[in-house]
Amino acid sequence: MTAAATSHLDERESTLIAGLYPSLRSFASVVAPIKEDPNDLVQEALVRTLRGGPISRLEHPKAYLRTAIYHLAVSAQRHWAAERGALVRIESAPDEPQYSWEVEELLQLSPKARTVVYLRVIEGMSHDQIAAILGCSTSSVRKTASRAKRQLRRLLSEEVNDATA
């Protein structure tokens, strides 16, 4: 958050937010729909959380904020999906970022699948920890992880086949 945005917060809150922000930003960049700015998701999660009181009151502020970011990403994905239904999708415009193949395939996963992959592979969390963050069962997390891996394998093998053809 900017200095102006945190000026009304005490130093403890500002320090806590500054410490959490880089990790939350990385998480948001993975779970955010392609058209959504990850910084916006983090900012919105912080604003909504701060409306309820200081972040330091939370037992696990990082987990709480990740959950909020995940729910905001899902909401944004639904918004974009509804809008996309009325529009013709343009393959790639010059002003759109070009992603490496790894990111392009990840972006084809649902926000929940991207979240599970990120938390499991990057953060090294257990299925139980991920289930607590997402508010679902452990078996749901395991199924989502399995389906995400299967989908990524399929997408990557299609790309290899396309490249060799």
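How many contacts beyond four places in sequence does the model have for residues 86-94, where pLDDT stays under 50? The model has 4 such contacts for this stretch. The structure is a predicted model, and confidence varies along the chain. A second stretch under 50 in pLDDT covers residues 1-6. For residues 1-6 the model has 6 contacts beyond four places in sequence. Mean pLDDT for the protein chain is 81. A value of 70 or more is reached by 76% of the residues.

The secondary structure of the protein chain consists of 7 helices and 0 strands. Read from the N terminus, the order of elements is α-α-α-α-α-α-α. The chain has 165 residues, of which 36% count as buried. Among contacts with a separation of 6 or more, 65% join residues 24 or more positions apart. Individual residues illustrate such contacts.

Leu20 belongs to helix 1, which spans residues 11-31. Its relative accessibility is 11%. Leu20 therefore counts as buried. Beyond four places in sequence, Leu20 touches Pro61, Lys62 and Leu65. Leu20 and Leu65 are 45 residues apart along the chain. Their C-alpha atoms are separated by 9.2 Å. Helix 3 covers residues 61-86.

Arg66 is also placed in helix 3. Is Arg66 buried or exposed? Arg66 has a relative accessible area of 2% and so is buried. Its contacts beyond four places in sequence are Ser23, Leu24, Phe27, Leu119, Glu123, Met125 and Ile133. Two of these partners call for closer description. The charged end of Arg66 sits over the ring of Phe27. The distance to the ring centre is 5.7 Å. With Glu123, the Arg66 side chain forms a salt bridge, at 2.9 Å from N to O. This pair links distant parts of the chain, with the two positions 57 residues apart in numbering. Glu123 lies in the loop between helix 5 (111-122) and helix 6 (127-134). The two partners fall into separate exposure classes under the cut-offs of under 20% for buried and over 50% for exposed. Glu123 has 29% relative accessibility and therefore counts as partly exposed. Arg66, at 2%, is buried. Arg66 can also be set against Thr115, 49 residues away in sequence. The C-alpha atoms of Arg66 and Thr115 are 9.4 Å apart in space.

How many salt bridges does the structure hold? The count is 2. Besides the Glu123 and Arg66 pair, the side chains of Glu44 and Arg48 meet at 2.7 Å, N to O. Glu44 and Arg48 are both in helix 2, which covers residues 38-51. Because they are 4 residues apart in that helix, about one helical turn separates them. Glu44 is partly exposed, at 29% relative accessibility. Arg48 is partly exposed as well, with a relative accessible area of 47%.

Thr49 lies in helix 2 too. Its relative accessible area is 3%, so Thr49 is buried. What does the side chain of Thr49 reach? It reaches the backbone oxygen of Ala45, at 2.7 Å. Further along the chain, Thr49 is in contact with Ile55, Arg57, Leu58, Tyr64 and Leu65, with neighbours within four places in sequence left aside. Leu65 also appears among the contacts of Leu20.

Ser75 is another residue of helix 3. At 42% relative accessibility, Ser75 counts as partly exposed. Ser75 and Ala32 are 43 residues apart in sequence. Their C-alpha atoms lie 10.0 Å apart in space.

Aromatic pairing was also examined. A search of the whole structure finds 1 aromatic pair.

How values were computed: Residues are numbered from 1 along each chain as its sequence is written. This is a predicted model: local features need pLDDT of at least 70, side-chain atom pairs count only at pLDDT 80 or more; totals for chains, interfaces and linings use all residues. Side-chain values use heavy atoms; hydrogens and water are left out. A salt bridge is a side-chain nitrogen of Lys or Arg within 4 Å of a carboxyl oxygen of Asp or Glu. Buried means under 20% relative accessible area, exposed over 50%, partly exposed in between (1.4 Å probe, protein chains only). pLDDT is the predictor's confidence in each residue, from 0 to 100. Contact means heavy atoms within 4.5 Å. Rings of Phe, Tyr and Trp (its six-membered ring) pair if their centres lie within 6.5 Å; planes under 30 degrees apart count as stacked, over 60 as edge-to-face and the rest as tilted. A charge sits over a ring if NZ of Lys or CZ of Arg is within 6 Å of the ring centre and within 35 degrees of the ring normal. A polar contact is a pair of N or O atoms within 3.5 Å; within protein, one must be able to donate a hydrogen and the other to accept it, and residues adjacent in sequence count only if both atoms are side-chain atoms.
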